[in-house]
Amino acid sequence: MASEKINMPQLGESVTEGTISSWLVQVGDKVNKYDPIAEVMTDKVNAEVPSSFTGVIKELVAQEGETIEVGELMCYIDTEGGSTSGVGSAKEEPKETEKTEPVDEGAKDQSMKKRYSPAVLRMAQDNDIDLAQVSGTGKGGRITRKDIEKIIDSGEMPKASEATSDSKQQTNQSEPAPSKAPSTPAPTSQAGDIEIPVTGVRKAIAQNMVRSTTEIPHAWMTVEVDVTDLVTYRNKVKGEFKQKEGFGLTFFAFFVKAVAQALKEYPQLNSMWAGDKIIQKKDIHLSIAVAKDQELFVPVIKHADEKSIKGIAKDISDLASKARSGKLTSADMQGGTFTVNNTGSFGSIHSMGVINHPQAAILQVESIVKRPMIVNDMFAARDMVNLSLSLDHRILDGLVCGNFLARVKEILENMNKDTTNVY
């Protein structure tokens, strides 16, 4: 029996690392090739990693909550038909000696005790468990999901109390925040504080935002749009539409349609910076932001310019549902050329979005608010919305962006029962 390695696979075209959300197997489990062995979270997608071999799980090298790079070792598996000695693996992996230490001895090392995975934090908060009083069985005293499940099953929940002296231990002193000067110490936790490791989706978001604001010279423009007729039309047909189609007809679908139409007329905004050249994309694939707890996903509506309002509404509904149930695939997240963000769902009336690198722009659709406006020299109550555009000033200038926003405004202000068909 031969010992084989299973490494972190490439789960997307720009994915460089993944976080082990949970192991679906244990040492000694028999698995078939292509059986799922772990759930992995990246900045693009949550996915199950399949086994590359048929055999018996020999060792889980990566821990739950640990972030490892693509191609890095996840586990060893003894494949059928050879030796189980694994001597060759020990030579290839310098840390093999550490991995074979008895569990009870390894548990004395508490260096990882406060490195909580998102799953552990969530379960502890949901069940009012004081993690400071939990003994972890993972590497370096790390608390695993199985430790929390065991406590929940026992019914004996350790409640919050005065923190022990180790609650002030700094989790990651070797990696101070990049924005701090070298002489400035990193913040340390105090009694009652919760240390949340920056891993997985949150880490990827942070890295992408820093890259975007560091590399891209942002500029901003905002226009206000009178969508009174659009609101009247949508409110009139939404009930019948929902009953007939089985999903909702949101205002956002109308805005996405208008943006897709305007991008065909102003393709400069459907571009990307590529160092010594600008790539103007032919296809219009619109990224939309979807939040789930503390995670942000940006799935893509493909060929949005070729779809009806109904088709766009269905894509929005499907992608949002998949994001919130953890079923987005890497294909759902790839290929975006321009981002439309529905900040109005939070009640926001003005915001300045950070561009989704390497795209050229992002449009924030703010909240629709009824305001008094002057129409034909008289005051009238109108449904108004602000559209806020963030642009990459290396690629775009005010003239083309102003014309683009004016065109989006024109399209939206002329959407009504006589001009618009959701089908």
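This is a chat about strands, helix packing and a few local details in a predicted model.

Student: Start with the sheet that has β4 in it. What is the strand order?
Tutor: The order is β5-β4-β2-β7, an open sheet of 4 strands with antiparallel pairing.

Student: Which strands are at the edges?
Tutor: β5 (46-50) and β7 (67-69) are the edge strands, each pairing on one side only. From one strand to the next, the twist averages 45°.

Student: How many bridges join β4 to β5?
Tutor: There are 5 bridges between β5 and strand β4, residues 36-41, and the two run antiparallel. To find the register, look at Glu39, which stands opposite Glu48 in β5.

Student: What about the sheet with β1? What is its order?
Tutor: That one is also open, with 4 strands in the order β1-β8-β6-β3 and antiparallel pairing. Its edge strands are β1 (2-7) and β3 (30-31), and each pairs on one side only.

Student: Which residue in β8 does Ala2 stand opposite?
Tutor: Ala2 is opposite Thr79 in β8. β1 and strand β8 (residues 73-79) run antiparallel and are joined by 6 bridges.

Student: Anything odd in the backbone after β3?
Tutor: Look at Tyr34, in the loop between β3 and β4. Tyr34 is not a glycine, yet its phi is positive, about 80°.

Student: Switching to helices. At what angle do α8 and α11 pack?
Tutor: Helix α8 (residues 251-265) packs on helix α11 (residues 398-413) at about 135°, and the axes are 9 Å apart.

Student: Why is α8 called oblique to α11?
Tutor: The angle of about 135° makes α8 oblique to α11, because only angles over 145 degrees count as roughly antiparallel and 65 to 115 as roughly perpendicular.

Student: Is the crossing of α8 and α11 left-handed or right-handed?
Tutor: α8 and α11 cross in the right-handed sense.

Student: Which residues meet there?
Tutor: On the α8 side they are Phe254, Phe255, Ala258, Val259, Gln261, Ala262, Leu263 and Glu265, and these meet Phe404, Arg407, Val408, Ile411 and Leu412 in α11. The contact of α8 with α11 breaks down by class into 10 nonpolar, 1 polar and 2 charged residues.

Student: And α8 against α9, what angle and what distance between the axes?
Tutor: The angle is about 120°, and the axes of α8 and helix α9 (residues 309-324) are 9 Å apart. That angle makes α8 oblique to α9.

Student: What is the handedness of the α8 and α9 crossing?
Tutor: The crossing of α8 and α9 is right-handed.

Student: Which residues make up that contact?
Tutor: Phe252, Ala253, Phe254, Val256 and Lys257 in α8 meet Ile309, Ile312, Ala313 and Ile316 in α9. By class there are 8 nonpolar, no polar and 1 charged residues in the contact of α8 with α9. Phe254 is also listed among the α8 residues that meet α11.

Student: How many salt bridges does the whole structure have?
Tutor: A search of the whole structure finds 14. One of the salt bridges is between the side chains of Glu215 and Arg211, at 3.3 Å from N to O.

Student: Where do Glu215 and Arg211 lie?
Tutor: Both are in helix α6, residues 200-215. They are 4 residues apart, about one turn of the helix.

Student: Back to strands. What does β9 pair with?
Tutor: Strand β9 (residues 218-226) pairs with strand β19 (residues 378-392) in the antiparallel sense, over 9 bridges. His218 has Asp392 in β19 as its bridge partner.

Student: How many bridges join β17 to β19?
Tutor: Strand β17 (residues 361-365) is joined to β19 by 5 bridges, and the two run antiparallel. Val365 has Leu387 as its bridge partner in β19.

Student: And β18? How many bridges does its pairing with β19 have?
Tutor: There are 7 bridges in that antiparallel pairing, with strand β18 spanning residues 369-375. Pro372 is matched with Ala381 in β19.

Student: What is in the turn between β18 and β19?
Tutor: The two strands form a hairpin with 2 residues between them, and Asn376 in the turn has a positive phi of about 55°.

Student: Last one: which residues does the cis peptide bond join?
Tutor: It joins His357 and Pro358, with omega about 10°. Pro358 is in the loop between β16 (338-341) and β17.

Definitions and conventions:
Residues are numbered from 1 along each chain as its sequence is written. This is a predicted model: local features need pLDDT of at least 70, side-chain atom pairs count only at pLDDT 80 or more; totals for chains, interfaces and linings use all residues. Side-chain values use heavy atoms; hydrogens and water are left out. Two strands pair if DSSP finds at least two bridges between them. Axes are lines fitted to C-alpha atoms, for helices over the stretch in contact, and angles run from 0 to 180 degrees between N-to-C directions. Angles under 35 degrees count as roughly parallel, over 145 as roughly antiparallel, 65 to 115 as roughly perpendicular and the rest as oblique. A crossing is left-handed if the near helix is turned anticlockwise from the far one by less than a right angle, and right-handed if clockwise. Contact means heavy atoms within 4.5 Å. Ala, Val, Leu, Ile, Met, Phe, Trp, Tyr, Cys and Pro count as nonpolar, Asp, Glu, Lys and Arg as charged, and the others, Gly among them, as polar. A salt bridge is a side-chain nitrogen of Lys or Arg within 4 Å of a carboxyl oxygen of Asp or Glu.
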